[in-house]
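User: I'm new to protein structures and I'd like to learn how to read one. Could you walk me through it?

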Amino acid sequence: MDEMNMDAMDDAPLEAMADATGDSAGDGAPAECPSSYAGCTTYEDRTATNASREVDFGGALGMNFVPKCSMIKAGQSVIFVGNFAIHPLAQVCGPADVIVDGTGTSAQFMFTTPGTYNYKCVVHEAFGMKGSIQVVP
Ligand SMILES: [Cu+2]
């Protein structure tokens with residue numbers, strides 16, 4: 001196998017990962033988020049130091065993320081709590097790829113770059129299982 005074929009193989013998984021995070025252009029840069037995703041026009045202010053930044057999903061909550069629309073400050077983290085095997089999490093768009101996935105029943109992600117991050121349940125997107133996090137400076 002020559003050098004060029006090796007390079008082609010190396011690139012393939014990277015493209016697949018980019019597509020999974022909504023990088024439709026396939027250029028490695030995260031896609032910019034459209035406004036009003038998941039019906040989010042106002043965001044629950046969770047920027048206070050002592051505010052909860054937990055997003056619960058599934059179980060008794062059904063095919064929902066609660067709260068659906070969160071506002072946090074750059075440098076703060078959001079913890080997702082629910083069953084990731086039943087509701088696989090994926091970031092749809094945003095200024096950086098932060099929400100990678102989760103296993104088990106909780107996963108925490110720190111947002112350092114301001115902007116809007118939209119996410120979805122891969123399985124129940126069609127049922128509206130979507131949410132958005134707005135990160136302010
Ligand atoms: Cu789901």
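Analyst: Let's go through this one feature by feature, keeping in mind that it is a predicted model.

User: Okay, how far can I trust it? What is the mean pLDDT of the protein chain?

Analyst: Start with the general idea: where pLDDT is low, the predicted coordinates should not be read in detail. Here the mean pLDDT of the protein chain is 85, and 78% of the residues reach 70 or more. Over residues 1–24, though, the pLDDT is below 50. That stretch has 20 contacts in the model beyond near neighbours in sequence.

User: Got it. How many helices and strands does the protein chain have?

Analyst: There is 1 helix, along with 9 strands. Reading from the N terminus, the order is α-β-β-β-β-β-β-β-β-β.

User: In what order do the strands of the 5-stranded sheet come?

Analyst: Don't expect the order in the sheet to follow the numbering: the 5 strands line up as β1-β4-β9-β8-β6, in an open sheet with mixed pairing. β1 and β6 (89–93) each have a single partner strand, so one side of each has no neighbour in the sheet.

User: What does "mixed" look like in practice?

Analyst: Check the pairs. β1 and β4 (residues 69–73) run parallel, with 2 bridges between them, and Glu44 has Ser70 in β4 as its bridge partner. β6 and β8, on the other hand, are antiparallel and share 4 bridges; there, Gln91 sits opposite Tyr119 in β8. β8 and β9 are antiparallel too, joined by 6 bridges, and Lys120 faces Lys130 in β9.

User: Which strands form the other sheet, the one with 4 strands?

Analyst: That open sheet runs β3-β2-β5-β7, again with mixed pairing. Its edge strands are β3 (65–66) and β7 (106–110), which pair on one side only. Further in, β2 and β5 are parallel and joined by 3 bridges. One pair to look for is Asp56 opposite Val81 in β5.

User: And where do the side chains go in a strand?

Analyst: In a regular strand the side chains alternate between the two faces of the sheet.

User: How do I read burial? Is Ser35 buried or exposed?

Analyst: You count how many C-beta atoms surround a residue: 20 or more within 10 Å means buried, 12 or fewer means exposed. Ser35 has 9 such neighbours, which is why Ser35 counts as exposed. Ser35 lies in the loop between α1 (3–20) and β1 (44–45). The C-alpha atoms of Ser35 and Asn118 are 9.4 Å apart, although 83 residues separate the two along the chain. Over the whole protein chain of 137 residues, 29% count as buried. For β8 (115–121), 6 of the 7 residues are buried, so the strand is largely enclosed by the rest of the structure.

User: Which residues touch the most other members of the largest nonpolar core?

Analyst: Among its 20 residues, those are Ile72, Phe111, Tyr117 and Ile133. β2 (54–57), β4, β5 (77–81), β6, β8 and β9 (130–136) each contribute at least two residues to this core. Take Ile72 as an example: leaving out residues up to four places away in sequence, its contacts include Val78, Phe111, Ile133 and Val135.

User: What share of the contacts joins residues 24 or more positions apart?

Analyst: For the protein chain, 62% of the contacts with a separation of 6 or more are between residues at least that far apart, 24 or more positions.

Methods
Residues are numbered from 1 along each chain as its sequence is written. This is a predicted model: local features need pLDDT of at least 70, side-chain atom pairs count only at pLDDT 80 or more; totals for chains, interfaces and linings use all residues. Two strands pair if DSSP finds at least two bridges between them. Two residues are in contact if their C-beta atoms, placed from the backbone, lie within 7 Å. A nonpolar core is a set of buried Ala, Val, Leu, Ile, Met, Phe, Trp, Tyr and Cys residues joined through C-beta atoms within 7 Å. pLDDT is the predictor's confidence in each residue, from 0 to 100.
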